[in-house]
Amino acid sequence: MYYFIYCGNNITISIHPKIIKTLPDSVLIQSQGVELEGTCPTRSEVIDRMKKWVDAAVPYSQTDTYHGYRQDCSGYVSMGWNSSKPGHTTSNMGEICTKIKKSEMLKGDVLLKPGHHVLMFHYWVDSNNKNEFWQFAEHTYGMVAMHDKTTYDYHHDEGYYPCRFNKLM
């Protein structure tokens, strides 16, 4: 059996099990398709994970968890990114993502307003007019995880900025 290390400059390395014992604890590993918390997801994997919450109609909550993740906006994004449980908060999410330009936004990136809200970008409604887009979001109590349209201009005017998860492949 071989193990795989992900995220090292976005390359995958195959390592024999005997060598695994010599690696530092901070190295993230994934074995034979078994997903471990903290491994680096691909963009498609992120979107697939987000869709599962929409399909399950996971209700918004800042105290309840679903599969170990808080059911609020930042817990939902943390789950999509396969980040640590119970999830980061909007106040510290900037520590695990890097600010990018609007023109660089790809599926799996987010719009973040630290201390307030975060939502995940899926795709532009019209690739020639990059304003309206599909988002994944947990909004507020009484609502469930959603996949719906919103606009970049609205969020930008409200103080959000685009951000990319540092471990996204």
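Start by selecting helix α3, residues 73–80, in this predicted model. Helix α3 lies across β7, β8, β9 and β10, and its direction runs at about 50° to that of β8.

Now bring up the strands under that helix. They belong to an open sheet of 6 strands in the order β6-β11-β7-β8-β9-β10, with antiparallel pairing. Colour β6 (97–99) and β10 (146–151) to mark the edges, since each of these strands pairs on one side only. Neighbouring strands of this sheet are turned by 40° against each other on average, ignoring direction.

Next, add helix α2, residues 43–55. Helix α2 also packs on the sheet, where it touches β8, β9 (132–137), β10 and β11. Its direction makes about 115° with that of β8.

Zoom in on β7 (residues 110–113) and β8 (residues 117–124), an antiparallel pair joined by 4 bridges. Select lysine 113 and you will find histidine 117 of β8 opposite. Which residue of this hairpin takes a positive phi? Click on glycine 115: its phi is near 80°, and the hairpin has 3 residues between the strands.

Then turn to the other neighbour of β7, strand β11 (residues 161–165); these two strands pair in the antiparallel sense over 3 bridges. Show leucine 111 together with proline 162, its bridge partner in β11. Finish with leucine 112, which stands opposite tyrosine 161 in β11.

While you have the strands on screen, a general point may help: in a regular strand the side chains alternate between the two faces of the sheet.

Methods: Residues are numbered from 1 along each chain as its sequence is written. This is a predicted model: local features need pLDDT of at least 70, side-chain atom pairs count only at pLDDT 80 or more; totals for chains, interfaces and linings use all residues. Side-chain values use heavy atoms; hydrogens and water are left out. Two strands pair if DSSP finds at least two bridges between them. Axes are lines fitted to C-alpha atoms, for helices over the stretch in contact, and angles run from 0 to 180 degrees between N-to-C directions. Contact means heavy atoms within 4.5 Å.
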